[in-house]
Amino acid sequence: MLELAILGSGSSGNSALVCLGETRVLIDAGLSAKQLCLRLEALGVDPDSLSGIILTHEHGDHTRGIEVFCRKRPLPVYATTHTCAVVSENVNSAVTWRPFESGTQLSIGGIKVESFSVPHDAVDPVGFVFRCEESSIGILSDVGHVTRMIIDHLKGVDTLFTEANYDEVMLQNDTKRPWSTKQRISNRHGHLSNDQTAELVSEIAGPNLTRVVLGHLSSDCNTSELAISVIARKLADSGLNEVAVECAHRSKPIPLKAAARAVAKIYLPVEEKPAKSSRVCEPSAPEPQAELPNDWKQTEWAF
Ligand SMILES: [Zn+2]
Ligand SMILES: [Zn+2]
């Protein structure tokens with residue numbers, strides 16, 4: 001079964017990990033090489049054991065660790081042809097570039113990876129769906145608005161990682177950012193608000209969806225509590241009360257977790273119903289977060 005971990009997420013750096021057995025794929029490498037190694041090790045993953053890196057787009061908060069991380073590890077780096085062209089200009093290490101066209105499907109080990117175009121102010125940004133026989137994981141980061149293509153690709157996934165960048169009121173009231181930056185964030189090629197993400201999640205949610213992980217939260221214009229409450233409320237309105245919603249962190253990883261499919265409920269005759277609940281599986285206790293050194297906080301970008 002596929003497993004997902006988030007090494008870190010936010011405007012200061014983004015990286016996630018999808019594993020299937022011995023196949024381990026890093027999605028974006030926007031943390032420093034040192035942080036990538038520390039956080040992989042904290043998850044129990046040897047940095048030298050990765051199968052490759054796949055990129056959503058070229059922005060620094062998704063690519064800045066590649067140069068140093070790949071100096072010692074000449075990994076294949078998968079990205080669209082246009083993204084490869086831009087990123088390779090700044091990477092001198094012995095990377096094996098594996099260009100692909102947006103909209104095509106790749107195989108990395110036993111994982112099938114579908115790519116699809118997304119609207120963002122980058123040369124050729126993409127989202128992904130990772131699939132194996134038993135499960136699927138959708139990955140969506142840095143998207144200005146939700147398109148039909150995004151919904152069609154992500155519909156029915158078991159686990160979804162998606163950005164929920166800002167709260168509209170907090171962004172409008174923010175005094176640190178000039179008007180032009182606010183425009184860049186909220187325009188059709190910027191980032192998703194909590195409300196846009198909630199709309200997306202309710203559109204793509206199918207009976208298999210068990211988990212939504214929110215990422216790329218703005219440090220000034222959003223909070224974990226607010227983002228979770230907006231998305232969870234929208235899911236509840238659609239009758240999806242049992243989908244787990246959580247936020248990725250900037251400075252510590254979320255450990256690997258299997259992308260389990262929802263288990264179909266068994267409807268027993270009334271007299272045989274269990275007294276407490278009709279759920280087949282009781283929710284498990286929350287996983288402990290990996291303890292990490294305090295000096296991990298990275299300098300925040302302007303945005
Ligand atoms: Zn980003
Ligand atoms: Zn970006």
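A crossover between two strands by way of a helix is right-handed if, with the strands pointing away from the viewer, the path from the first strand over the helix to the second runs clockwise. In this predicted model, β12, α9 and β13 form a β-α-β unit of that right-handed kind. The unit is a convenient place to return to once the overall layout is clear.

The protein chain has 303 residues, of which 45% count as buried. Its secondary structure comes to 9 helices and 14 strands. Among contacts in the protein chain with a separation of 6 or more, 67% are between residues 24 or more positions apart.

One open sheet has 7 strands in the order β6-β5-β4-β3-β2-β1-β14, and its pairing is mixed. At its edges stand β6 (96–100) and β14 (254–258); each has a single partner strand, so one side of each is left without a neighbour in the sheet. From one strand to the next, the twist averages 20°. Within this sheet, strand β1 (residues 3–8) runs antiparallel to β2, and 5 bridges join the two. One position to look at is L4, whose bridge partner in β2 is V18.

V18 also belongs to the largest nonpolar core. This core has 73 residues, and those that touch the most other members are A16, V18, I54, V201, L214 and I231. Strand β2 (residues 15–20) supplies the largest share of the core, 5 residues.

Helix α4 (residues 81–88) lies across β5 (76–80) and β6, and its direction is at about 120° to that of β5. T83, C84 and V87 are the buried residues of α4. They cover an arc of only 100° around the axis, which puts them on the same side of α4. These buried residues pack against α2 (60–63), α3 (66–72), β5 and β6.

The loop between α4 and β6 contains S93. S93 has 16 other C-beta atoms within 10 Å, so it counts as partly exposed; a buried residue would need 20 or more, and an exposed one would have 12 or fewer. Not counting residues up to four places away in sequence, S93 touches E67, C70 and R71. F69 is 24 residues from S93 in sequence, yet the two C-alpha atoms are 8.8 Å apart in space.

The other open sheet to consider also has mixed pairing, with 7 strands in the order β7-β8-β9-β10-β11-β12-β13. Here the edge strands are β7 (105–108) and β13, each of which pairs on one side only. The twist averages 20° from one strand to the next. Helix α9 packs on the sheet, where it touches β12 and β13, and its direction makes about 155° with that of β13. Helix α8 lies across β11 and β12, running at about 160° to β11.

Strand β12 has a neighbour on each side in this sheet. With β11 it pairs in the parallel sense over 5 bridges, and E163 has G215 of β12 as its bridge partner. Strands β12 and β13 (residues 244–247) also run parallel, joined by 4 bridges; in this pair V212 is matched with V245 of β13.

How many of the residues of β12 are buried? The count is 5 of the 5, so β12 is largely enclosed by the rest of the structure. In a regular strand the side chains alternate between the two faces of the sheet. In β12, R211, V213 and G215 are on one side and V212 and L214 on the other, and all are buried, so that both faces are covered.

In helix α8 (residues 194–204), the buried residues are N194, Q196, T197, A198, L200, V201 and I204. What covers them includes α5 (148–154), β11 (159–163), β12 (211–215) and α9 (224–237).

I231 ties several of these elements together. Leaving aside neighbours within four places in sequence, I231 is in contact with A164, N194, T197, A198, V201, V212, L214 and V245. Of these contacts, N194, T197, A198 and V201 are among the buried residues of α8, while V212 and L214 are on one side of β12. V245 is the residue of β13 that bridges to V212. I231, V201 and L214 are also among the residues that touch the most other members of the largest nonpolar core.

Terms used: Residues numbered from 1 in each chain as written. Chains lettered and ligands numbered in written order. Predicted model: local features only at pLDDT ≥ 70, side-chain atom pairs only at ≥ 80, totals over all residues. Core = buried A, V, L, I, M, F, W, Y, C linked by C-beta atoms within 7 Å. Contact = placed C-beta atoms within 7 Å. Pairing = 2+ DSSP bridges. Axes fitted to C-alpha atoms, helices over the stretch in contact; angles between N-to-C directions. Arc of directions from axis to C-beta.
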